[in-house]
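Me: I have a structure here that I'd like to understand better. Could you walk me through it, one question at a time?

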Amino acid sequence: MTPPPAAGGEPGSHPIDPEELVSSAVDRLETITTVAALDEAQTDLVGKRSELARAHQGLVSLEPDERPEVGRRLNEARRRIESLIGDRRRELEGGERAARLQADRLDLTEVIAPPLRGRLHIVERTRDELEDVFIGMGFAVAEGPEAETDWYNFEALHMPPAHPARGMWDTLYLDLGGPETVMLRTHTSPVQIRLMEAQGPPIYAVMPGKCYRRDTPDARHIPTFHQIEGLVVDRGISFADLAGTIETFTTAYFGPDIHSRLRPSYFPFTEPSAEYEVTCTICKGNGCRTCSHTGWIELGGCGMVDPAVFAAVGIDAEEWTGFAFGFGIDRCAQMRHEIPDMRVFFDNDVRVLRQI
Amino acid sequence: MRVPLSWLRDFAPFPGDPAELATTLDDLGLVVEEIVPVGEGLGDVVLARVVEIGSIPGADRIRRVVVEAGGEPVEVVCGAWNFHEGDIVPFAPVGSVLPGGFEISRLKKKGVVSNGMLCSGRELGLSEDHEGILVMHSAPDPGGAERGPVPDGMVPGTPLVDALGIGPDTVFDIAVEANRPDAWCVAGIARDLAASLHLPFSLPEPAQPPTDPDAPVASLATVEVLDEDLCPRFTARVLLDVMVAPSPDWIARRLTLAGMRPINNVVDASNYAMLDLGQPTHPYDLDLVAVHGLRVRSARPGEIVTTLDGVDRAMGERSVGIGDDRRDCVICDADDVPIGIGGVMGGVTSEISASTTRVLLEAAYFTPMAIARTSKRLNLRSEASARFERGCDPEGIDRAVLRLCELLGATAGDRYRSAQGVIDVSGTVPTPTRVRVRPARINTVLGSDLTDDQVIGYLEPLGFVCERESTSVLDVTVPTFRPDTAREIDVIEEVARHHGYANLPRRRPFSPQVGRLTRYQRERRLVREVVAGAGAHEAWTPSLLGPDAHRRVGMENGIRVTNPLTPEESVLRQSLLPGMLGVLVFNADRRQGEMRLFEVGHVFPLPGPERVSRALARSGETVIAEREVLGVALAREGDDARSAAALCQVLIEAFRIEDVELVAGGSDDVPGSGSAPPGMHPTRSARLVLAGRDRHARRSVGVVGEVDPDVLVDFGLDGERRRVGWLEMEIDVLLTQAPRHSPLLAPVSKFPSSDVDLAFVVDESVTAAALRKTIRHAAGTLLESLALFDVYRGVGLPAGTRSLAYRLRLCAMDRTLTDEEVAETRALCIAAVEKAHGAQLRS
C-alpha cells in the first residue's frame, strides 16, 4: 500500500502530512497552561504563517487529481486542530475564572453595617392603616389643632359651661385668655365642628390626632393619646348607616372573624349614643381574661349627631342627619400587637421602637 | 351604683337569673360593671352562744373560746376581743366554706385545737366590717352569772341566714350615664328593666306618718328662700320626739350592700330614701339650728362653711368656666350664718347626734347647673351633688320625704310623730315636658320600620304618656323624672334603647366622594418614609415638657398648663429638640447610644394676645399657630452636622423644592435671625430659609446642623467626644408653600456631553451654595449638571480659605459642543466666580 500523497507545499519543499500536524498540535496544546500561551499557539498552529497554511498554499503545486483528496485531508486537520484549541481554551478560561472568583469570595454574613432603615412608630403606622381603611370607604382625612377653645372642645359639642358631662374628660387648661377658656383638646371631636363650620354637607371624613387628658397613666390609659374620629353628614343618614359603617370598618381592619356591636351609652354630642364593642381579638369571642369572659372588648363611642351640634354650626338638622364615632388608635395598636402596658410608649426605648 | 337584686324586686317581679338580667341592663345602657353574689356560702354558718373565754398560755393576741351551737360545746381559737360570754355570734364549723371560697379546717394554734371560726361581717360578705366578730346579740350582763333570755330566732344552732332573714342575693354594680338621673336610684333602674322585660312596675305608696295636730310646722321652724334661681323649690318638715337609734337590720344590710355605711336611723332613712327613689334629703338637729329657721341664699364670696367632713370651705372663690357667676347656694340658719352647702353637703354644727330629738328635714330641688358649678368649684362631690347636678325630680320630693318618715317610724320610738304640715317654698320648677314626635322621623333617624303602636309600646312603660295629635304626630308627655328627655331626638333615643340597638338594621352609606389623602397628607407620609429610609426610628416624645426644658436648649419658655398633673408635663413644647434629647438620654442610660430618631409632631409657638382674643371670639382661627414639624436626631457613630445637612438635601430633592437656602447664624439675611439657632452649635448650624419675593418675605422654616456641645454636656450626652446632628423643619409650611420644580418632563439631549472640572480657592466666609449659584448662572443653559466633588483645606492654601472643586457637565440639545464652546463656558464661569467671590482658580 502506497502512502497517501503528501500535501502540497512550496515547490521543492518536503511534503507535509496532515495527520502529523494534528498529532504535533495535540502535543503542543498539552503543554500550554495559560490563555495567553494558547493565543500564541493558535497563531502558530492555524495562523497565516502556520505549517497548515503553507500546506494549503502548496496545494496548487499538486497534480489536479490529487488536490481534492489532499485538500480534504488538510481541511479535516484544520478542523480537528481548531476544535482542540477551542476545547483547550474553554478549559483554561474556566480554570482562570474559577481562580479569580475564588480570590473574590465574600461571606455576606460578615457585613458590618448599621441598620439601613428605621421603623415607623407602631401608633403612627396603625393610624396610617386606619386612615387607609376609611379612605377605601370613601372618607377624607381631616385634621385640626391640639390647643382648642372652649367653644370647639365643649360648647359647640352641646356642653355649655359647667355642664356635668364635661366631667367625663379631665381637661388640661392653658394659661391663655381667661381661666379655663383655652385647653388641650380632650378628644378629636373639635375637628368635627371645624369641619362642619368650614364646609357644608355632605361630609364623609375621619379625623385622627393627638388628644390630652389629665389622667394618671396606667396600663391601658395614657394622658397623651391618639384618637380617630369619624363624621358622616348627608341626607337620609340613619343609625343603620352608623352600625353598618362600624361593622364594615371592624371586619376590614381586624379581619373577617371580628364583629361589632353597639350598646346604649351617653355622649352630649350624639343622640342616640352608643358604646362600640368588637369581638375580643384574643379569644375570638370565646371569652378570656382580656375581655373579662364576655367575648367583647370596648373600643369607642358613637352615635347620631345631636341636633344641638348641627344648630351650633348652622346645619339644618331636618334636612341633614349624620353620625359620628371615635376610638383610640393606641388602643387598636395595643390590641393588635398585644402590648401589655401602654406606658412603654413614653420611653421611646430604641429596643422597643425597632421591634414592631 | 350598687343595686341589690332583692331591692329591685320591691318594684317588679324580676326573675332570678342575674346574668340574664345583667345582659338586659347592658342593652339598656345601664352597664353592669360587676355582678357580686352575696350571702352565698353562708349555709353552713350557724348561731353559737359564747360559753367560756379563756387565755392561752404564751399567746396575748388570741384566746380560747368555747361555744355552743346546738350540740356539744366546741373549742375554737379566736383573735377578736369584741365579744363576751353569753353573746350570740356566727360560727363556721370545720368543713364549711365561706364566701370567696375560704374553707374552714381544723387548726392547732399554741397547742389549742380550733374546731371552726367565729366570723366578722366581712368574712361573711355581709358588710365591710372587719374590726371584730359580728355580734348578733349581746348578753345583758356581759361576763356575769346572769344570763338573760335569748331573743326569738337567736337560738344557738339556728342557721345564720334564717336568723338574718336573708337569702343569697346579687348586687349589680351599674355605671349610670351622666344623662340618666332617673336611673340613679333603685326604683329608676327597676322601671327601665321592667319595661324592657314587659313586667309590671309599681311604686309603693308610703304611709303617712303619725301627725301632731297641735304642732303646726310653721310654729316650729321658718324657711326663707332668697335665691330662687339656685333653689326653685325648698320643703321642710319637722319630726318630733325622734329616738336616735341604730337602723333595723334589713335597712342596715341594704345600705351596706349598696355601698353605704349605716350610721343611725335618721341618717340611714335619709340615705335609704335617696337610694330608693333618687331624692336626697338633709336632716338637721332642729335644736342646733339658730332661731329654728333656714335661709337659702347665694354665698358671699369668701364666706366659710365647715362641712360634715370637718373641712372649712370658702365659697365663690374661683370661676369654673365661661358664664360662671360664682354663685354658690348656702343654707343658713335664721341668723344668716351658713350651716351647709345647698345640695352638696351639710355642715357640722347641726348634725344629727344621739341626743337629737327634733329633726328639721330639708328636701329641695336645686338648679342642676348651679350644683354642678359649686361641686366643681369646691372639688367636692357627694351622693347628693351627683344627683342634684344631673337633675332630680321636683315632683318626687314629697314621696321621698314620706318614705323617709315611714322608714324612720320603725325605730324612732313610740312618741315619734311629724309636726302638722309642710313648709313648701316653690318657685319655677320643671314641669312635665310635652314633645311632638313624628313616628316617620323616628324611622328616618334609626333606619327602622317601626309602627306607631310599637313606639307607644316602648314609651308608655317608661312613664311617658302618648297621645295622637294627628296621623303623623304623637304628643308625648315626658315625666319630670326624665330631664334628659326634652326633644324629639331624646324620645327617639328611648325608642331605640327599648327596641334594642341589636335589632336595628345595618347598612352602609354611599360616599359621593373619592376617598383620598390630601397632597400634604400623602407627602407627610413620604417624609416619614424618607427619613426612616435614612435609618431613623420614629419616636413619640411628649408635647408637654418640664418648666426648665426650653431654657436648657436656649429657648424661650412655652405656653404653661394651668393645672398640670406633674411639673414635668407643664409647658407646651416650642421645639422637638428638648424631648428628643431626653429620649437620647433615656437610651444612653441603657447603653443604647448609636441611633437616629425622628418625630413628626406639633409645636406651639407663643401666640399674641390679639390672636387669642380673636380665637375666643370665634373667628375660626386656631388659638395657637401650631406648626407641624419634623425633628431628626442623628446620633450614630460619625453623625454630625454633615449628616443632618445631607438628610435635609435628600428631603429637599425628594419633594423637588426650590428656593430653600441654608443660612448660617450671624447672617442678617433673614429677619430676626441675628445669631445661631437656639440650642444649636454656633458655627456648625444654619437656618433653613424659604426664599420669598423680597427680603422681608424670607422666612425661617427650620434648623439644621449640630446640637450645641454645651447643651450635650448639660444633658449628659458626652459633649466632649460626641456630635449629634439635628434637623428640624416645619414641614407643613415647607410642603404647602415652597415653590417646586416644574412637574413637566424636560427632554434629555441625544448629543454627547463634555465635563469641565474647576477648583476654586475661596474664603471660608463664602458658602459653597453661593459659589454653586454663581457657576450655575454663568454656565447658563449648557449646564446639564453641577457637582461639588472635593473640599480641601490645608497645606498649600492660605489660612482661612479652602478649595472647592466642581465638576460641570455641559451639553446642548441640538449639537455636539465644540472645544471652543466648552472653553468659552469655562472661562465665563471662572471670571464670574473670581469676580463675585474674590476666588482664585486653583492650578
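Me: How many residues does the contact take from chain B and how many from chain A?
Reply: Happy to help, and please keep in mind that this is a predicted model. A residue joins the contact if its C-beta atom lies within 7 Å of one across the way. Counted like that, the contact takes 85 residues from chain B and 82 residues from chain A.

Me: Which helix gives the most to the side of chain B that touches chain A?
Reply: That side has 38 nonpolar, 23 polar and 24 charged residues. Six residues come from one helix, residues 488–499 of chain B, and no other gives more. The helix you are after is α13.

Me: Are α5(A) and α8(A) parallel, antiparallel, perpendicular or oblique to each other?
Reply: Helix α5 (residues 122–136) and helix α8 (residues 239–254) of chain A pack with their axes 10 Å apart, at an angle of about 130°. Angles over 145 degrees count as roughly antiparallel, and 65 to 115 as roughly perpendicular. The angle fits neither range, so α5(A) and α8(A) are oblique.

Me: What classes do the residues of the contact of α5(A) with α8(A) divide into?
Reply: From α5(A) come A:Leu130, A:Val133 and A:Phe134, and from α8(A) come A:Phe249, A:Ala252 and A:Tyr253. Leu, Val, Phe, Ala and Tyr count as nonpolar. The division is therefore no polar, no charged and six nonpolar.

Me: Which strands stand at the edges of the open sheet in chain B?
Reply: Five strands form this sheet, with mixed pairing, in the order β14-β17-β20-β21-β22. An edge strand has a single partner, so one side of it is left without a neighbour in the sheet. The edge strands are β14 (222–225) and β22 (345–346).

Terms used: Residues numbered from 1 in each chain as written. Chains lettered and ligands numbered in written order. Predicted model: local features only at pLDDT ≥ 70, side-chain atom pairs only at ≥ 80, totals over all residues. Axes fitted to C-alpha atoms, helices over the stretch in contact; angles between N-to-C directions. Helix = DSSP H or I, 4+ residues; strand = E, 2+ residues; numbered from the N terminus. Parallel < 35°, antiparallel > 145°, perpendicular 65-115°, else oblique. Contact = placed C-beta atoms within 7 Å. Pairing = 2+ DSSP bridges.
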